[in-house]
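Dear colleague,

I am handing over the structure below, together with some notes on what was found in it. Please read the notes with the model open beside you.

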Amino acid sequence: MIRAFVVGHPIAHSRSPLIHGHWLAAHGIDGSYERIDVPPADIQAFLRGLSESGFAGGNVTLPHKEAAFALSDTLTPRAEAIGAVNTLVVGADGRLHGDNTDAPGFCAHLDRSLGADWPVRGEAVILGAGGAARAIVVGLAERGVSRIRVANRTKARAEAVAALAPGVAEPLAWADLPAAMARAGLLVNTTSLGMKGQLPLALDLAPLPAGAAVADIVYAPLETDLLAAARARGLAAVDGLGMLLHQAVPGFEAWFGVRPEVTPALRDVIVADL
Ligand code: ATR
């Protein structure tokens, strides 16, 4: 039996077991995907012990993505650029291979939702500068978006995220958002605003041009106020659930040897759990 895991702290709310469990059943694979709670004090020992553990690999979630980055023996260029690892593969020699699949996961979801030519829509405006923003900025730059503006409440964090894609990304003052939005083909909310139990994201979408798309990484609720406002304006609206589902694909393929599909049936499984 092939075994994989998701490690985090806390881990009870992770939806990764539902996603991988759905695919294991759909493909009739003799495998398991286990939820493991490891506190920060023990993560180093856990990751170091993986080569002997019998696991093919696993996902890493908060707060361990930086520890996984530091302890990987090899890194994909995008994991290296982002500074965080969410997917680990244990090699036959026991070495740990670290990747960050949030970036391609977000882009794959845009491909599905907007068509693969979305990078030519124009400049991208990113709201927020946390871990998700880091992955998305690196992903968009990798896909050839020519200019990315990063606006964040805390300016220093916007500067740090923009520095991940030199010559492409720049920090943006919140007050300058309307002018930047007027040139944008894509607006992405990576802040926690709009999430169940959080403040709403108060942003007037009027400056966006008619062909722009609006993406949210918040997926609970699935239809955020931001996406509802985008639809009301006739703009393309891209929900946050797709990134969660698509980021899981490369790990499943690496551990279990089958490339899984993000299907409406899988979406329904997760939506029922939101
Ligand atoms: P993640 O790693 O999931 O992206 P994070 O690192 O906690 O999460 O980042 C959350 C983002 O939401 C940050 O950009 C944060 O802004 P700060 O960097 O200024 O903290 C943003 N955010 C959270 N609450 C906010 C609020 N009330 N107003 C504006 N931005 C907020």
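Of the 15 residues around the ligand, the nearest are G130, G131, R153, T154 and T191, where a residue counts as near a molecule or strand if its C-beta atom, placed from the backbone, lies within 6 Å of it. Please keep in mind that this is a predicted model, in which local features need pLDDT of at least 70 and side-chain atom pairs count only at pLDDT 80 or more, while totals for chains, interfaces and linings use all residues. Residues are numbered from 1 along each chain as its sequence is written.

Sorted by class, the shell around the ligand holds five nonpolar, eight polar and two charged residues; here Ala, Val, Leu, Ile, Met, Phe, Trp, Tyr, Cys and Pro count as nonpolar, Asp, Glu, Lys and Arg as charged, and the others, Gly among them, as polar. Helix α6 (residues 131–142) gives the most to this shell, with three residues. Helices (H or I, at least four residues) and strands (E, at least two) are DSSP runs, numbered from the N terminus.

One open sheet has six strands in the order β9-β8-β7-β10-β11-β12, with parallel pairing, and two strands pair if DSSP finds at least two bridges between them. Because β9 (169–172) and β12 (236–238) stand at the edges, each with a single partner strand, one side of each is left without a neighbour in the sheet. Within this sheet, strand β7 (residues 123–127) pairs with strand β10 (residues 184–189) in the parallel sense over five bridges, and I126 stands opposite V188 in β10. Helix α5 (residues 102–114) packs on the sheet and touches β11 (213–216) and β12, its direction making about 145° with that of β12; contact between two residues requires C-beta atoms, placed from the backbone, within 7 Å, and axes are lines fitted to C-alpha atoms, for helices over the stretch in contact, with angles running from 0 to 180 degrees between N-to-C directions.

The buried residues of α5 include F106, C107 and L110, a residue being buried if 20 or more other C-beta atoms lie within 10 Å of its own, exposed if 12 or fewer, and partly exposed in between, with C-beta atoms placed from the backbone. Just after α5, G115 takes a positive phi of about 95°.

A further open sheet, also of six strands, follows the order β2-β1-β3-β5-β6-β4, and its pairing is mixed.

With best wishes
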